[in-house]
Structure formats: structure tokens, C-alpha cells
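Colleague: Please take one part of this model, the long helix and the core around it if there is one, and go through it closely. I would like the loops and the pocket placed around that part as well.

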Amino acid sequence: MKVFIDQTTDSELFSDAYTIEQPEEFNGAIYIVKSKMVYLDEENEIAQDQEEAAQLGNQVNEISHVFNYTKVPTMKRSEYKKSVFVPFLQRVAALLKEQGKEDRIPEMQKGATAFYNTLKKWNARKFELFVGSNDDDNKGMMILSDWGEQGELEQPVFYYWADAIEETKL
């Protein structure tokens, strides 16, 4: 199994147990990971018998629960761009430079801009914001989540900055 880690905080973000996409339209700068809603048992663990646990009514987003995300207050798009998007992309560019991957920076920036422009088009969508378990000062990756459609069912979808993630094999 592979675990994907935020290089800026060492927070484990997701694993290859989930459906992962890296759309070309964003120049490989974004991972899109599909999660699902699950029910917890009395011990606050994902229940083996989801039907039985549904009686308890304690439903959570699987990825945010398993990887212990912290929810961040919602912010306006302009505030997100100024206080999260631009500063984090600068940190990712510095990280790429540190790793000797300067040639990746322009493509990452193009992909990030394409993603941000897509977010602007999705204006009506309600995004949730999260940080990883080791991000005590909100300086790491701000993870976006919304509800994507999968067939007739809606499911939670997460968006991550691929160039700030390291894959680790367990």
C-alpha cells in the first residue's frame, strides 16, 4: 500500500486504497481523490457492518476520519487566494527548487492557475477546507473537499497539490 504524505508537514493525507486521478487539464499539479461516507461503531471506528452501524447514525467522511483531518473555517474565495493559495504555491515552488526540480515549477504554476480558474467557475459549490493531522499552524497543504457525482450517488471528493506530496510505500 502507498501512503501520500504532505511534504510540508509530514501529515499522511490519503492512500492508494482510494480512487486517485491526476487530470491533464491541471498539468499534473492536482490529485483528485474520491472518498465515501461511512458509519462508525460505538468505539468510533469504521464499522464492519455498515447497515447495522447506520442505526447509530454516526456518519463521517472516510478519508478525513481515517487520516485525522482538522476542519478549517470556510473563507471567501478572495481570502483563500490571498492567504492560502498564493503563499502555499510559493512554498511548493521553493520545495521543488530545493529538490532540484526547477523545471517543474512553470508547469505546476500553470496547472495551479487552471485549477483555481476552475474553482471560480464552480462558484455555487460549497467547499470544505481541511488540514492534515500534523498541521498545527495551518502552514501546510489546505485540502479542498466538495461533493462530486459518481453515477447517481454523490460522494465526497478531495483536491490535493500533487507537487507537495511524497508517496511512501508501507
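Modeller: In this predicted model, Ser 133 is in the loop between S8 and S9. Ser 133 has a relative accessible area of 33%, so it is partly exposed. The C-alpha atoms of Ser 133 and Glu 52 are 29 Å apart in space, with their positions 81 residues apart in sequence.

The strands on either side of that loop lead to the core. The largest nonpolar core has 45 residues, and the members that touch the most others are Tyr 69, Tyr 80, Met 141, Tyr 160 and Trp 161. At least two residues of this core come from each of strand S2 (12-15), strand S4 (30-34), H3, helix H4 (105-121), strand S8 (128-131), strand S9 (143-150) and strand S10 (153-161). H3 gives the largest share of this core, eight residues. As a general point, nonpolar side chains tend to be buried together in soluble globular proteins.

H3 itself covers residues 77-98. For its 22 residues, 1.5 Å a residue gives an expected span of 32 Å, and the end C-alpha atoms are 30 Å apart, which agrees. The helix has a kink of about 30° at Phe 85, shortly before the proline Pro 87. The buried residues of H3 are Tyr 80, Val 84, Phe 85, Phe 88, Leu 89, Val 92, Ala 93, Leu 95 and Leu 96. Phe 85 is thus both the site of the kink and one of the buried residues. Tyr 80 is also on the buried list, and it is among the core members with the most contacts to other members.

Phe 88 belongs to helix H3. Its relative accessibility is 2%, and therefore Phe 88 counts as buried. Phe 88 and Leu 40 are 48 residues apart in sequence, and their C-alpha atoms are 33 Å apart in space. After H3 comes Gly 100, with a positive phi near 75°.

On the strand side, Tyr 160 is part of strand S10. Tyr 160 counts as buried because its relative accessibility is 0%. Tyr 160 and Leu 144 are 16 residues apart in sequence, and the distance from C-alpha to C-alpha is 7.2 Å.

Two asparagines in loops have positive phi. Asn 44 is not a glycine, yet its phi is positive, about 65°. Asn 44 is placed in the loop between strand S5 (37-39) and helix H1 (50-54). With 41% relative accessibility, Asn 44 counts as partly exposed. Asn 68, also not a glycine, has a positive phi of about 55°, and its loop runs between helix H2 (62-66) and strand S7 (70-72). Asn 68 counts as exposed, at 51% relative accessibility.

The second largest pocket holds about 170 Å³ of space. Its lining consists of 13 residues, and those nearest the centre are Gln 7, Lys 101, Ala 162, Asp 163 and Ile 165. Strand S11 (residues 165-169) gives the most to the lining, with three residues. Sorted by class, the lining has five charged, four polar and four nonpolar residues.

Key. Residues numbered from 1 in each chain as written. Predicted model: local features only at pLDDT ≥ 70, side-chain atom pairs only at ≥ 80, totals over all residues. Heavy atoms only, no water. 1 Å grid on protein atoms, 1.4 Å probe; cavity = no way out; pocket = protein on both sides within 12 Å on 5 of 7 lines; lining within 4 Å. Points joined across faces, edges and corners; volume = space filled by probe spheres on them. Helix = DSSP H or I, 4+ residues; strand = E, 2+ residues; numbered from the N terminus. Nonpolar A, V, L, I, M, F, W, Y, C, P; charged D, E, K, R; others polar. Expected span 1.5 Å × (residues − 1). Bend = angle between axes of the 7 residues up to and from the residue. Buried < 20%, exposed > 50% of the residue type's maximum accessible area, 1.4 Å probe, protein only. Core = buried A, V, L, I, M, F, W, Y, C linked by side-chain atoms within 4.5 Å.
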